[in-house]
Amino acid sequence: MTQRQLSLNAFILPTGHHIAAWRRPDVSAQANHDLSEYVRITQAAEAAKFDAVFVSDSVAAASGNGGSSLEELALTARGTRLEPFTLLSALAAVTERIGLIATASTTYNEPYNLARRFASLDWISGGRAGWNLVTSSASAEALNFNQNQLPAHAERYQRAEEFLDVVQGLWDSWEDDAFIRDKASGQFFDPAKLHPLNHKGRHYQVRGPLNVARPPQGYPVLVQAGSSEPGKEIAARSAEAIFTAHQTLESAQAFYADVKGRLARYGRSADSLKILPGIFPVVGHTEEEAQAKYRALQEQIDPRVGVNLLSGLIGADLSGYDLDGPLPALADTNQNKSRQALVLELAHRENLSIRELYLRIAGARGHWTVVGTPVQIADQIQQWFENGAADGFNVLAPWLPGGLDEFIERVLPELRRRGLFREDYSGSTLREHFGLARPDNQYVAQEQQRVAG
């Protein structure tokens, strides 16, 4: 029996995941818009045999606490970045095997346009595309789309479910062998293998068909990033990988058991969904060196930036409160409910002040922070992987490219020594990297069921 191995994605925020990473002298301050930086990082991740690079996205310059003042926009300007489809299309041309996962919101997109973009990216990359399906959680995004506020959380997820159904139906517009392209007879395609969608639902009306052939992977790999109750249910129904945030083994184990336990209701097996928490690794030759690197980053945090980041994560403006006092009582947010719950639980569990709390989340932003030697980090990764907490991880490099380089050069050899990570790719598509089956065209499957009686 082949030993189960980790799935690893390299999560790309342009200068690194720590909010102050851009201030390091070895980090390019222009990385947000410098394609050569993205190429260098992605090619390094591919040489290391990562499953994929993972690009986050937002369609607002400001963070998520609802503000739109010039002060807030100035504080969040370093969060500007390239649009993911354009970026990943460029990266597809300079890589061969690594997966390319783009974040795209169902709140401020239309199903037809998004289905077309992902199908195109899958063709351009030779079957390496993945869609990180999110519902927008930053209220600043609403202000860019003719709205004054976000739709309600429940409505955003209801729209997301219908949105996904429409997109998958559009990807199935053409059967895999619909295009005959017979020059002798002049027949380009078989009309019997074309399936207009004709969808009329509560939120969307889409005729179809999609004007792109069925993607090489059938569907690009579907990744989901919500950990709220509706988010977990959408993941159990449809997702093939889930990006989640946990800070303790016990929390990750509970989430893992919960989501995997829902799969059977949808006729799915446990291995049809990869659960991939975020890990923020700071690597040193010694534990003392690793801690010193982490402290150096922490010391560069501007308090205004820390408060702004924390405000966005909890969905409330904290700028007027005493930094050395406790969090005020907060109403339930309409933004990122699961992240608010995680941050509040951390604050209450450890009795943290506002300053202490933003220092805790300024690097990993709610994800798991691991600071230590390669052996110490590998030990903790192995513990989560072998004890029902994770199928792999999204690696959130503290700074780029150096933080990722250190993980590749020091931690990966230790994981490989233990047989926990691949030596080389065994396939060429993202589905093959994740060990996922290629989905059948739903219309073909329905016809086969009808014939079988």
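Buried residues account for 57% of the 453 residues in this chain, which is a predicted model. The chain holds 16 helices and 13 strands. Its radius of gyration is 22 Å, close to the 22 Å from the globule rule for 453 residues, so the chain is as compact as a globular protein of that length. Along the principal axes, the C-alpha atoms fill a box of roughly 75 × 55 × 40 Å.

Contacts and surface come next. Of the contacts with a separation of 6 or more, 79% are between residues 24 or more positions apart. The chain exposes about 19100 Å², with carbon and sulfur atoms supplying 49% of that area. As for charge, there are 44 positive and 53 negative side chains, and the centres of these two sets lie 3 Å apart.

Now for some backbone details. Most peptide bonds are trans, and most residues other than glycine have a negative phi. Here are some places to look at in the model:

| Site | Backbone feature | Location |
|---|---|---|
| Gly 208 to Pro 209 | cis peptide bond, omega near 0° | Pro 209: loop between strand S8 (205-206) and strand S9 (221-224) |
| Leu 400 to Pro 401 | cis peptide bond, omega about 5° | Pro 401: loop between strand S13 (392-396) and helix H14 (402-417) |
| Arg 181 | positive phi, near 55° | strand S5 (residues 179-182) |
| Arg 365 | positive phi, near 55° | loop between helix H12 (354-361) and strand S12 (368-372) |

Arg 181 deserves one more note: its relative accessibility is 49%, so Arg 181 counts as partly exposed.

Methods: Residues numbered from 1 in each chain as written. Predicted model: local features only at pLDDT ≥ 70, side-chain atom pairs only at ≥ 80, totals over all residues. Heavy atoms only, no water. Helix = DSSP H or I, 4+ residues; strand = E, 2+ residues; numbered from the N terminus. Buried < 20%, exposed > 50% of the residue type's maximum accessible area, 1.4 Å probe, protein only. Rg over C-alpha atoms; globule rule 2.2 N^0.38 Å. Contact = heavy atoms within 4.5 Å. Areas by Shrake-Rupley, 256 points an atom, 1.4 Å probe, with all protein chains shown as cover. Lys, Arg positive; Asp, Glu negative; His and termini not counted. Charge placed at Lys NZ, Arg CZ, Asp CG, Glu CD.
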